[in-house]
Amino acid sequence: MSEGKLFPTELYWITREPWLRSRGYKLRPRFTPGWVPSWIQERPTKPKSRHRVVQEDSMIALNSVVGLDAIRIRDEQRVYLKRVVKYSEEHRIIGYLMSPTVSPIARRYTVPFFELIEDIPNDAGYVLAIMPLLQNFRVPRFETIGECVDCVEQLLEAVQFLHQHNIAHRDCQRANIRMQADRMFPHGFHPQANYSNMERTGDAVAYTRTQRPPRYLLIDFGISIRFPASEEEPRAFPCRGGDCTVPEFQDPSALEEPYNPFPTDVYYIGNTIRWAFMKECTMSSVILVTGGTGLVGKAIEHIIASEPEGSRFGKRPGEKWVFASSSEGDLRDPAPTRALYEKYKPTHVIHLAALVGGLFKNMKYKLTFLRDNILINDNVLHASYEHQTQKVISCLSTCVFPDKVEYPLDENKIHTGPPHESNFGYAHAKRMVDVQNHAYKEEFGCNFTSAIPTNVFGPHDNFDLEDSHVIPGLIHKCYLAKQNNTPFIISGTGKPLRQFIFSYDLAKLFIWMLREYDDVEPVILSVGEDEEISIKQVADAIVKAVGFEGEYKFDTSKADGQFRKPASNKKLLSLIGGFQFTPFEQALDLTVKWFLENYNAARTGNVKK
């Protein structure tokens, strides 16, 4: 990615950019022929930058096979270009909604279409439907009950309009609701990072929904049907959309019989109201963090306590956060797990609890790590289902990826081969979380997902020399070398590279997922591949932070281990927009400072000075 690699679906648009320009539409710089990434090109006023995190043209259009945003040249109107199968039911419905007698009314309830372009070069089976660029209907958050009610009323009117025109939407769930909010966002917003301004230099300027009320619209007629007006009892074979919880679809035999799709639309909208609005209006969310006293749990607790209330990563009014430790119940046992849920009645769960250990323990106790973690995860997910928890985010690990894999790691490679033998039990148990998430979504419509952090460090880490990760282990080792006036010796050459993420940054990303990410597919939470740090750089920074002035060297007779195992954060960056990671040395200084001030209380094993 650091060299500006493009996805094949993105190349589709680049090859057609000159034609689109001739039709009056221009694309963003990334999608123009000859594009040179802004973070590597030479500029006369400043040196080239390798930091692509905040560069607008680093945003990957992951769903560009469906469509892409553009600018209408004649008036600078931001639009969306959607590929629609020619002569499909969707094509016919769009044509109907664009007809002179229907269009003036339709644009109040459904996405307005500007034009249909049918002569796409080398793509004869599709047409381009041109529509305005619409905002995620939940950005920014709803502030009042009145704002929620206004949205609900408009959505019910939209479904009523479609039904009056004999159109069954069949997929009117959260992903297919958008907001026409030009007045709310007077300077626009980024099409892939809805909170960000177009340049990705900061947050988008936005008025509240009360100050400048938006229009809520239904989009995407991909599986919709328009029935003849004369058809008194419309029937169609079931076709599952994004909401798989329709009661009459739960019996597999029912999928083989035609049904009336109009009542189902009402169910979809009702479910959308229940999931997307009730939690905004009741103002009584309870977020349970399992494993809440560990490294990441403590970091989330710190961010919730220190960020301004109501901010993107701060606590929201009426929220209750519960940071549960293992002393509150053994999550391997269904009964204590259910009791924990009965006690707190969580509406959301960030699931961090796990049996963890170092390399030796993982290799020696494979079955224990497999069985205990499967039990923990299964009990948490099933209790979440039973208590109708609105959302669960589970924490995985990069060890879930195959041992033999092409780098960089990305979210599509989790199940492409067996994990490394040394992590056999733990890795398979964590992989099963992703499998369970998909199963719960497909069968019951649960909003369960997962995060995959890279190497985490920060305050409240495990500094046990026998059982810690590299950074806390080296910090403790350097501290003891200084206290005992002994050499600080690091195994290996110091050349291997790793991606490290500060626990406070990871905490913010978990909160972002809680607020804004509603897909079942996991997300890698990491700094970029171009921000890898060598073990020597880590050791140098630790020596400086600890203030160690003694003998410091590398034992090159010891093995280095794997040189690199980079993970791609391009999916994260394409979704979140404008996130700034804490510089490594600053994060390390904060970690060392915490360790030195809390040494007697820190997790250091049996070694105490």
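This text walks through a predicted model, from confidence to cores, cavities, single residues and backbone geometry.

Start with confidence. The protein chain has an average pLDDT of 89. Of its residues, 95% score at least 70. One stretch stands out: across residues 43–53 the pLDDT is below 50. That stretch still makes 30 contacts in the model beyond near neighbours in sequence. Where pLDDT is low, predicted coordinates should not be read in detail.

Next, the interior. Nonpolar side chains tend to be buried together in soluble globular proteins. The largest nonpolar core here counts 66 residues. Ile300, Trp321, Ile350, Phe510, Leu525, Phe584 and Leu588 have the most contacts inside it. Helix α13, residues 503–516, gives the largest share of this core, with nine residues. A second core is separate and holds 49 residues, including Val127, Phe137, Cys148 and Ala204.

Isoleucine 300 gives a view from inside the largest core. Residues up to four places away in sequence are not counted in what follows. Isoleucine 300 touches Trp321 and Phe323, then Ile350 and Leu352. It also touches Ala507, Phe510 and Ile511.

Now the empty space. Rolling a probe the size of a water molecule over the atoms shows where such space is left. The structure contains three cavities of 30 Å³ or more. The largest cavity encloses about 70 Å³. Its lining is made of Thr398, Thr454, Asn455, Leu497, Arg498, Gln499, Glu532, Lys565 and Pro566. By class, that lining has two nonpolar, four polar and three charged residues.

The second largest cavity has about 50 Å³ of volume. Leu97, Met98, Ser103, Ala106, Arg107, Val111, Pro112 and Phe113 line it. Six of these lining residues are nonpolar, one is polar and one is charged.

Return to the largest cavity and take one lining residue, Thr454. Threonine 454 sits in the loop between β15 (448–453) and β16 (455–457). Its relative accessibility is 10%, under the 20% limit, so threonine 454 counts as buried. Beyond four places in sequence, threonine 454 touches Thr398 and Gln499, and both of these also line the largest cavity. Its other contacts of this kind are Ile501, Leu525, Ser526 and Ala567. Among them, Leu525 is one of the residues with the most contacts inside the largest core. Threonine 454 and isoleucine 524 are 70 residues apart along the chain, yet their C-alpha atoms are separated by 7.6 Å.

Move to the loop between β8 and β9. β8 covers 177–180 and β9 covers 215–218. Histidine 187 and asparagine 197 are both placed there. Is each of them buried or exposed? Histidine 187 is exposed, because its relative accessible area of 63% is over 50%. Asparagine 197 is buried, because its 15% is under 20%. Leaving aside neighbours within four places in sequence, asparagine 197 contacts His190, Gly202, Asp203 and Ala204. Ala204 is part of the second core. Histidine 187 lies 158 residues from proline 29 in sequence, and 19 Å from it in space, C-alpha to C-alpha.

Valine 356 is in another loop, between β13 (348–351) and α9 (359–364). Its relative accessible area is 54%, over the 50% limit, so valine 356 is exposed. Apart from neighbours within four places in sequence, valine 356 is in contact with Phe369 and Tyr426. Its C-alpha atom is separated by 29 Å from that of glutamate 307, 49 residues away along the chain.

Last, the backbone. Which form does the peptide bond from valine 139 to proline 140 take? It is cis, with omega near -10 degrees. Proline 140 is in the loop between β6 (135–136) and α5 (145–164). The bond from tyrosine 407 to proline 408 is also cis, with omega near 5 degrees. Proline 408 lies between β14 (391–395) and α11 (424–444), in the loop.

Two non-glycine residues have positive phi. Glutamate 76 has a phi of about 60 degrees. Its place is the loop between β2 (67–72) and β3 (77–85). Glutamate 76 is partly exposed, at 47% relative accessible area. Arginine 170 has a phi of about 75 degrees. Its loop runs between β7 (167–168) and β8. Arginine 170 is buried, with a relative accessible area of 7%.

Conventions:
Residues are numbered from 1 along each chain as its sequence is written. This is a predicted model: local features need pLDDT of at least 70, side-chain atom pairs count only at pLDDT 80 or more; totals for chains, interfaces and linings use all residues. Side-chain values use heavy atoms; hydrogens and water are left out. On a 1 Å grid over the protein atoms alone, a cavity is a set of points where a 1.4 Å probe fits but cannot get out, and a pocket is an open set with protein on both sides within 12 Å along at least five of seven lines; lining residues have an atom within 4 Å of a point. Grid points are joined across faces, edges and corners, and a volume is the space filled by probe spheres set on the points. Ala, Val, Leu, Ile, Met, Phe, Trp, Tyr, Cys and Pro count as nonpolar, Asp, Glu, Lys and Arg as charged, and the others, Gly among them, as polar. Helices (H or I, at least four residues) and strands (E, at least two) are DSSP runs, numbered from the N terminus. Buried means under 20% relative accessible area, exposed over 50%, partly exposed in between (1.4 Å probe, protein chains only). pLDDT is the predictor's confidence in each residue, from 0 to 100. Contact means heavy atoms within 4.5 Å. A nonpolar core is a set of buried Ala, Val, Leu, Ile, Met, Phe, Trp, Tyr and Cys residues joined through side-chain atoms within 4.5 Å.
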